[in-house]
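Q: Could you take me through one part of this model up close? I'd like to see how one strand sits among its neighbours, and then what else is worth a glance.

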Amino acid sequence: GVFGGAYLPHIRRANFTHLIAAEAIAHQSRPAPVTAVRDLDGDGTAEIEIATPSMVLWIDPARGGGIIEWDWRRARVNLANVLTRRAETYHRQLIEVRPEQRGPDAGHDTIHTTQVRVKEPGLDRLLVYDRYRRASFLDHILPREVTLDRFAAGEIDHGFAGRPYAVELPKSRGATHVSLVRASEARLDGAAAPARVEKRFSVEATEGILRAAYRVTNTGGASLQARFAIETNWAITDPASSVRLDGAPAPAG
């Protein structure tokens with residue numbers, strides 16, 4: 001809508017705050033860690049939930065084996081509260097906007113307007129759509145000379161991100177780890193590069209720590225010259241947030 005709607009992070013954050021608090025109350029009767037497999041988001045495929053007293057993880061094997069929700073119970077925040085860039089109906093109007101509609105002085109609209117006005121030319125060039133659902137711990141095997149701009153524009157073929165992963169579940173219901181694996185081909189400068197990616201998520205239930213371990217194997221007969229990248233998308237919108245990378249302070253933005 002005109003005023004942002006679900007695109008505004010504070011609106012989504014407020015809803016998650018109450019949902020996480022309510023779920024924590026419901027789980028007070030079973031404080032032990034629980035691992036469950038079921039369709040959590042109604043998309044027709046099963047996700048994996050690891051729930052502990054400190055956090056709740058939702059892992060989506062069907063779409064890259066990434067973390068699509070990470071509820072930090074103490075702060076009542078979903079660290080994976082991000083949106084996927086998708087095509088919207090009004091984007092077509094933005095592309096087709098007439099010259100007389102450009103600029104802030106082109107008239108006044110209400111929330112019921114059927115027209116889209118732009119404040120500056122060229123905004124349509126910022127319309128970039130994701131090929132897969134945004135999540136964290138999505139895997140990429142990239143050409144060595146890849147640039148950040150090409151990656152951000154979605155020009156790289158994705159043999160792993162957004163694709164199905166096989167799951168190895170622990171036998172114990174109270175276990176706090178899960179392993180995922182996918183064997184596929186990355187496209188490196190037009191050539192197929194077969195590889196196998198294995199990853200394991202482990203939750204330290206008492207310490208509130210998530211650990212991710214990876215093993216990448218070249219399954220082809222030729223030498224593999226590439227970059228292995230792990231994409232993460234975190235809902236950190238406050239510039240004053242405390243973020244540390246490799247033990248050192250880093251900007252939140």
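A: Here is a walk around strand S2 and its partners, with a short look at another sheet afterwards. Bear in mind that this is a predicted model.

Let's start with S2 itself, which covers residues 47-51. 5 of its 5 residues are buried, so the strand is largely enclosed by the rest of the structure. In a regular strand, side chains alternate between the two faces of the sheet. For S2, that puts Glu47, Glu49 and Ala51 on one side, and Ile48 and Ile50 on the other. Both faces are covered, and the two glutamates on the first side are buried along with Ala51.

Now for the partners. Strand S1, residues 34-38, pairs with S2 in the antiparallel sense, over 5 bridges. If you want a spot to check the register, look at Ala36, which stands opposite Glu49 of S2. S2 also pairs with strand S3, residues 55-60, and here too the sense is antiparallel, with 4 bridges. Ile48 has Ile59 as its bridge partner in S3. Getting from S2 to S3 takes a hairpin, with 3 residues making the link.

While we're in S3, have a look at Val56, which belongs to that strand. Is Val56 buried or exposed? Its relative accessible area is 0%, and the cut-off for buried is under 20%, so Val56 counts as buried. Setting aside neighbours within four places in sequence, Val56 is in contact with Glu49, Ile50 and Ala51, among others. Those three belong to S2, on the sides described above. The contact list of Val56 also includes Glu23, as well as Glu69, Trp70, Asp71 and Arg73. As for Asn78, it is 22 residues away from Val56 along the chain, and the C-alpha atoms of the two are separated by 9.1 Å.

Finally, that other sheet. It is an open one, built from 4 strands in the order S7-S8-S9-S10 with antiparallel pairing. S7 (166-168) and S10 (209-218) are the edge strands, each pairing on one side only. From one strand to the next, the twist averages 25°. Inside the sheet, S8 (residues 177-188) and S9 (residues 191-204) pair in the antiparallel sense over 12 bridges. To find your bearings there, look for Ser179, which stands opposite Arg200 of S9.

Methods:
Residues numbered from 1 in each chain as written. Predicted model: local features only at pLDDT ≥ 70, side-chain atom pairs only at ≥ 80, totals over all residues. Heavy atoms only, no water. Buried < 20%, exposed > 50% of the residue type's maximum accessible area, 1.4 Å probe, protein only. Pairing = 2+ DSSP bridges. Contact = heavy atoms within 4.5 Å. Axes fitted to C-alpha atoms, helices over the stretch in contact; angles between N-to-C directions.
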